[in-house]
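Colleague: I've got the model open next to the sequence and I'd like to go through it with you. Mind if I fire off some questions?

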Amino acid sequence: MQLGPKGSPKIIESLRECKHLELVDLHGNGMADPGATALANALTSNSIVAAIDLNDNQIGPNGARALSKALTKCASPGRLEMSANCLTSPGATILASELKQNKNLGHLALSMATGKSQRGDQGEATKRRVLQAVGSKEEMVVA
(Lines give C-alpha, C1' and ligand atoms only; values in the text may rest on other atoms or scores of the structure.)
Protein backbone atom coordinates (compact mmCIF):
# COMPACT_ATOMS: atom_id res chain seq x y z
CA MET A 1 0.00 0.00 0.00
CA GLN A 2 1.30 3.45 -0.94
CA LEU A 3 0.93 6.49 1.26
CA GLY A 4 0.38 8.70 -1.78
CA PRO A 5 0.54 12.50 -1.97
CA LYS A 6 -2.25 12.96 0.60
CA GLY A 7 -1.19 10.38 3.18
CA SER A 8 2.55 10.91 3.16
CA PRO A 9 2.54 14.47 4.59
CA LYS A 10 0.51 13.23 7.58
CA ILE A 11 2.96 10.42 8.34
CA ILE A 12 6.02 12.53 7.60
CA GLU A 13 4.85 15.25 9.98
CA SER A 14 5.40 12.79 12.82
CA LEU A 15 9.10 12.64 11.87
CA ARG A 16 9.50 16.14 13.31
CA GLU A 17 9.28 14.52 16.76
CA CYS A 18 12.17 12.12 16.01
CA LYS A 19 15.29 14.11 16.77
CA HIS A 20 17.73 11.25 16.14
CA LEU A 21 16.31 9.44 13.12
CA GLU A 22 19.12 7.78 11.15
CA LEU A 23 17.29 6.26 8.16
CA VAL A 24 14.27 7.51 6.23
CA ASP A 25 13.06 4.87 3.76
CA LEU A 26 9.99 6.02 1.85
CA HIS A 27 10.82 4.08 -1.33
CA GLY A 28 7.84 3.56 -3.63
CA ASN A 29 5.20 5.49 -1.71
CA GLY A 30 4.05 7.81 -4.50
CA MET A 31 4.44 10.80 -2.20
CA ALA A 32 4.97 13.26 -5.07
CA ASP A 33 5.78 16.93 -4.41
CA PRO A 34 3.46 17.35 -1.37
CA GLY A 35 5.22 14.50 0.46
CA ALA A 36 8.68 15.73 -0.54
CA THR A 37 7.83 19.21 0.74
CA ALA A 38 6.54 17.76 4.03
CA LEU A 39 9.74 15.73 4.37
CA ALA A 40 11.83 18.82 3.66
CA ASN A 41 10.05 20.63 6.50
CA ALA A 42 10.57 17.67 8.87
CA LEU A 43 14.26 17.35 8.02
CA THR A 44 15.02 20.85 9.24
CA SER A 45 14.35 19.69 12.83
CA ASN A 46 16.47 16.53 12.57
CA SER A 47 20.22 16.59 12.63
CA ILE A 48 21.17 12.90 12.51
CA VAL A 49 19.66 11.45 9.30
CA ALA A 50 22.37 9.34 7.64
CA ALA A 51 20.42 7.98 4.66
CA ILE A 52 17.26 8.89 2.76
CA ASP A 53 15.63 6.60 0.19
CA LEU A 54 13.08 8.43 -1.93
CA ASN A 55 13.31 6.22 -5.03
CA ASP A 56 10.13 5.78 -7.08
CA ASN A 57 8.02 8.51 -5.47
CA GLN A 58 6.85 10.71 -8.34
CA ILE A 59 8.81 13.66 -6.95
CA GLY A 60 8.97 16.52 -9.44
CA PRO A 61 10.76 19.87 -9.62
CA ASN A 62 8.84 21.50 -6.74
CA GLY A 63 9.58 18.62 -4.37
CA ALA A 64 13.22 18.56 -5.47
CA ARG A 65 13.50 22.29 -4.82
CA ALA A 66 12.04 21.96 -1.31
CA LEU A 67 14.32 19.02 -0.49
CA SER A 68 17.43 20.71 -1.82
CA LYS A 69 16.82 23.80 0.28
CA ALA A 70 16.19 21.73 3.40
CA LEU A 71 19.27 19.61 2.86
CA THR A 72 21.52 22.66 2.73
CA LYS A 73 20.10 24.01 6.01
CA CYS A 74 20.48 20.89 8.12
CA ALA A 75 23.12 18.28 8.72
CA SER A 76 22.10 16.23 5.78
CA PRO A 77 22.52 12.60 4.86
CA GLY A 78 25.58 10.85 3.58
CA ARG A 79 23.36 8.88 1.21
CA LEU A 80 20.47 10.17 -0.91
CA GLU A 81 18.51 7.91 -3.28
CA MET A 82 16.22 9.76 -5.70
CA SER A 83 16.03 7.51 -8.77
CA ALA A 84 12.80 6.75 -10.65
CA ASN A 85 11.05 10.01 -9.80
CA CYS A 86 9.61 12.69 -12.10
CA LEU A 87 12.68 14.90 -12.21
CA THR A 88 13.21 16.66 -15.48
CA SER A 89 16.31 18.61 -16.41
CA PRO A 90 15.48 21.76 -14.39
CA GLY A 91 14.56 19.81 -11.23
CA ALA A 92 17.65 17.60 -11.40
CA THR A 93 19.90 20.61 -12.00
CA ILE A 94 18.39 22.54 -9.06
CA LEU A 95 18.79 19.57 -6.74
CA ALA A 96 22.35 18.92 -7.86
CA SER A 97 23.50 22.53 -7.58
CA GLU A 98 22.13 22.82 -4.04
CA LEU A 99 23.67 19.51 -3.03
CA LYS A 100 27.08 20.66 -4.22
CA GLN A 101 27.28 22.71 -1.02
CA ASN A 102 26.66 19.57 1.03
CA LYS A 103 29.97 18.23 2.35
CA ASN A 104 28.37 15.17 4.04
CA LEU A 105 26.79 13.67 0.93
CA GLY A 106 28.94 10.79 -0.25
CA HIS A 107 26.39 8.88 -2.34
CA LEU A 108 23.78 10.29 -4.71
CA ALA A 109 21.54 8.18 -6.93
CA LEU A 110 19.51 10.33 -9.30
CA SER A 111 17.67 9.64 -12.51
CA MET A 112 15.75 12.04 -14.67
CA ALA A 113 12.39 11.56 -16.36
CA THR A 114 12.76 10.78 -20.02
CA GLY A 115 10.63 12.40 -22.64
CA LYS A 116 11.07 14.21 -25.91
CA SER A 117 13.03 17.00 -24.25
CA GLN A 118 15.37 14.57 -22.45
CA ARG A 119 16.39 12.30 -25.31
CA GLY A 120 19.62 12.27 -27.24
CA ASP A 121 22.07 15.13 -27.00
CA GLN A 122 19.87 17.22 -24.68
CA GLY A 123 19.56 14.37 -22.19
CA GLU A 124 23.32 13.84 -22.22
CA ALA A 125 23.93 17.57 -21.81
CA THR A 126 21.65 17.60 -18.78
CA LYS A 127 23.53 14.67 -17.24
CA ARG A 128 26.83 16.51 -17.74
CA ARG A 129 25.40 19.66 -16.10
CA VAL A 130 24.17 17.63 -13.12
CA LEU A 131 27.53 15.90 -12.72
CA GLN A 132 29.35 19.24 -12.91
CA ALA A 133 26.96 20.87 -10.46
CA VAL A 134 27.33 18.15 -7.85
CA GLY A 135 31.09 17.97 -8.13
CA SER A 136 32.98 14.99 -6.82
CA LYS A 137 31.17 12.62 -4.51
CA GLU A 138 32.36 9.22 -3.35
CA GLU A 139 29.67 7.42 -5.31
CA MET A 140 27.22 8.94 -7.74
CA VAL A 141 24.76 7.40 -10.17
CA VAL A 142 23.11 9.73 -12.65
CA ALA A 143 20.97 7.97 -15.22
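Colleague: Leaving aside its neighbours within four places in sequence, which residues is Ser 68 in contact with?

Modeller: Keep in mind that this is a predicted model. Ser 68 lies in helix 3, and with a relative accessible area of 1% it is buried. Once the neighbours within four places are set aside, the contacts of Ser 68 are Ile 94, Leu 95 and Glu 98.

Colleague: At what angle do helix 3 and helix 4 pack?

Modeller: Helix 3 covers residues 61-73 and helix 4 covers residues 89-99, and their axes are 9 Å apart. Angles under 35 degrees count as roughly parallel, and the two helices are therefore roughly parallel to each other. The packing angle is about 0°.

Colleague: And which residues of helix 4 make that contact?

Modeller: With their axes 9 Å apart, helix 3 and helix 4 pack against each other. From helix 3 come Pro 61, Ala 64, Arg 65, Ser 68, Leu 71 and Thr 72. On the helix 4 side the residues are Gly 91, Ile 94, Leu 95, Glu 98 and Leu 99.

Colleague: What separates the C-alpha atoms of Ala 96 and Arg 65?

Modeller: Ala 96 is found in helix 4 and is buried, at a relative accessible area of 0%. Along the chain, Ala 96 and Arg 65 are 31 residues apart. From C-alpha to C-alpha, the separation is 9.9 Å.

Colleague: Let's turn to the strands. Over how many bridges do strand 3 and strand 4 pair, and in which sense?

Modeller: Strand 3 is residues 79-82, and strand 4 is residues 107-110. One bridge partnership has Leu 80 facing Leu 108 in strand 4. The pairing is over four bridges, and the sense is parallel.

Colleague: Which hand does the β-α-β unit with helix 4 have?

Modeller: The unit takes in strand 3, helix 4 and strand 4. Its two strands pair in the parallel sense. The β-α-β unit they make with the helix is right-handed.

Colleague: Which residues of strand 4 point the other way from His 107 and Ala 109?

Modeller: In a regular strand, side chains alternate between the two faces of the sheet. In strand 4, His 107 and Ala 109 point one way, and these residues and the ones pointing the other way are all buried. The other pair is Leu 108 and Leu 110.

Colleague: Where's the salt bridge, and which side chains meet in it?

Modeller: The structure holds one salt bridge, with 3.0 Å from N to O. One partner has 13% relative accessibility and the cut-off for buried is under 20%, so Glu 81 counts as buried. Arg 79, at 36%, counts as partly exposed. The side chains that meet are Glu 81 and Arg 79.

Colleague: How far apart are the axes of helix 1 and helix 2?

Modeller: Helix 1 is residues 4-13 and helix 2 is residues 32-43, and they pack at about 10°. Helix 1 and helix 2 are therefore roughly parallel to each other. Pro 5, Ser 8, Pro 9 and Ile 12 of helix 1 meet a set of helix 2 residues that includes Ala 32 and Leu 39. The axes are 7 Å apart.

Colleague: What positive phi does Ala 32 have, although it is not a glycine?

Modeller: Ala 32 has its place in helix 2. At 13% relative accessibility, Ala 32 counts as buried. The phi of Ala 32 is about 55°.

Colleague: Is Gln 58, with its positive phi of about 60°, buried or partly exposed?

Modeller: Gln 58 is found in the loop between strand 2 and helix 3. Buried needs under 20% and exposed over 50%, and the relative accessible area of Gln 58 is 45%, so Gln 58 is partly exposed.

Colleague: And how far apart in space are His 20 and Val 49, C-alpha to C-alpha?

Modeller: His 20 is found in the loop between helix 1 and strand 1, and at 61% relative accessibility His 20 counts as exposed. In sequence, His 20 and Val 49 are 29 residues apart. In space, the C-alpha atoms are 7.1 Å apart.

Colleague: Last one: in what order do the elements of the protein chain run from the N terminus?

Modeller: The secondary structure comes to five helices and five strands. Of the 143 residues of the protein chain, 47% count as buried. From the N terminus on, the order is α-β-α-β-α-β-α-β-α-β.

Conventions
Residues numbered from 1 in each chain as written. Predicted model: local features only at pLDDT ≥ 70, side-chain atom pairs only at ≥ 80, totals over all residues. Heavy atoms only, no water. Buried < 20%, exposed > 50% of the residue type's maximum accessible area, 1.4 Å probe, protein only. Pairing = 2+ DSSP bridges. Right-handed = clockwise from strand over helix to strand, strands pointing away. Salt bridge = Lys/Arg side-chain N within 4 Å of Asp/Glu carboxyl O. Axes fitted to C-alpha atoms, helices over the stretch in contact; angles between N-to-C directions. Parallel < 35°, antiparallel > 145°, perpendicular 65-115°, else oblique. Contact = heavy atoms within 4.5 Å.
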